[in-house]
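Open the model in your viewer and keep the sequence panel visible. The tour goes from one selection to the next.

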Amino acid sequence: MERHHETSTSTAAAGTTSSADVPLIASPYDLRISLGDKVGEAGVREALETGETGFVHSFTTGSAVDGPGVRIVAWLTACQFRCVYCHNPDTWKLTNGIPVTVARAVEVIRKYRHGLDTMKGGLTISGGEPLLQHRFVLRVFGAAKEMGVHTALDSNGYLGDRLTDADLKSVDLVLLDLKAFSEELHRRLTGMDNQPVHKFARRLAELNRPIWVRFVLVPGWTDDPAEIERVASFAAQLGNVQRVDVLPFHQMGKFKWEKLAMDYALRETEPPSQETTEKAVNQFRAKGLKAY
Ligand code: SF4
């Protein structure tokens with residue numbers, strides 16, 4: 001998501017490797033590959049079925065852009081989307097992440113909980129796509145809630161059906177990517193259909209669960225005012241969108257595509273101008289949304 005998984009720029013305060021097995025780093029932009037390869041197929045299956053272990057790219061602390069206040073962010077690996085502008089393609093593969101037990105993840109949160117409370121922040125789980133490891137996410141969120149820590153799920157929304165209404169009680173906020181409204185454009189951008197995303201957004205609205213929308217502005221792809229209008233209308237009609245972040249595309253993840261020898265369609269794409277970004281923000285504001 002992202003600051004979603006595609007556009008994150010951490011204001012991380014910590015820059016060291018934590019004790020034991022949890023990679024606590026300054027930025028999700030560290031390239032990480034094959035960290036979980038040793039787990040093997042049976043271990044992966046067990047991890048996904050029980051949620052006892054999650055595959056984590058990294059933890060970052062001090063984020064001020066992944067939900068309210070100052071937050072700790074767990075970046076999970078695995079994603080079923082293939083966004084042309086993804087800034088973290090090393091998170092696509094589950095076993096690029098390091099296996100981390102729920103107990104270990106909870107230990108990290110416990111260590112920071114007082115600071116998070118003081119800074120009116122919480123825990124955000126991002127990715128990759130966290131709902132591919134929904135059992136792990138729910139266990140960690142459940143433990144966070146018991147500690148009184150605010151929880152935010154940063155998701156592309158495609159697998160929202162995996163969460164029951166009861167599960168959603170442990171999610172205080174959903175940071176939802178609306179990548180494009182038009183089906184054809186969404187498919188070209190991500191490789192996937194957007195109907196499940198819309199269905200999840202509507203369900204959250206019915207349940208009156210808050211959403212912060214993330215919209216990535218990419219010149220030549222998502223900067224058509226008519227398309228932005230459609231996304232803004234959809235978001236405004238939901239009634240539970242508290243905030244919209246228009247995230248200007250940038251090239252901070254380019255080196256990952258190159259290192260992974262992947263074909264990067266946006267190699268030559270420039271970030272949008274400030275004027276274009278402001279216009280997009282204003283289109284959301286014109287629908288009565290709080291947009292930045
Ligand atoms: S491919 Fe996945 S991780 Fe990358 S931007 Fe898209 S949804 Fe996010």
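**Strands, core and a lysine**

Select strand β4 (residues 122-126) and β5: four bridges join these two strands, which run parallel. Remember while looking that the model is predicted. To see one facing pair, pick Leu-123, which stands opposite Thr-151 in β5. Now follow the chain from β4 through helix α3 (residues 134-146) to β5; this β-α-β crossover is right-handed.

Stay on β5, residues 150-155, and colour by burial. Five of its six residues are buried, so the strand is mostly covered. Next add strand β6 (residues 173-177), which runs parallel to β5 and is joined to it by four bridges. Here Leu-153 stands opposite Val-174 in β6.

Go back to Leu-123 and show its surroundings. Leaving out residues up to four places away in sequence, Leu-123 touches several residues, among them Ile-72, Ile-109, Val-140, Phe-141 and Ala-152. Leu-123 is also one of the residues with the most contacts inside the largest nonpolar core, together with Tyr-85 and Phe-284. That core has 72 residues, and its largest share, seven residues, comes from α3. A second, separate core has five residues, including Val-44, Ala-47, Phe-55 and Ala-78.

Last, select Lys-256 in helix α7 (residues 254-259). Is Lys-256 buried or exposed? Lys-256 counts as buried because its relative accessibility is 0%, and the cut-off for buried is under 20%. Apart from neighbours within four places in sequence, the contacts of Lys-256 include Asp-30, His-57, His-87 and Asp-90.

Key. Residues numbered from 1 in each chain as written. Predicted model: local features only at pLDDT ≥ 70, side-chain atom pairs only at ≥ 80, totals over all residues. Heavy atoms only, no water. Buried < 20%, exposed > 50% of the residue type's maximum accessible area, 1.4 Å probe, protein only. Pairing = 2+ DSSP bridges. Right-handed = clockwise from strand over helix to strand, strands pointing away. Contact = heavy atoms within 4.5 Å. Core = buried A, V, L, I, M, F, W, Y, C linked by side-chain atoms within 4.5 Å.
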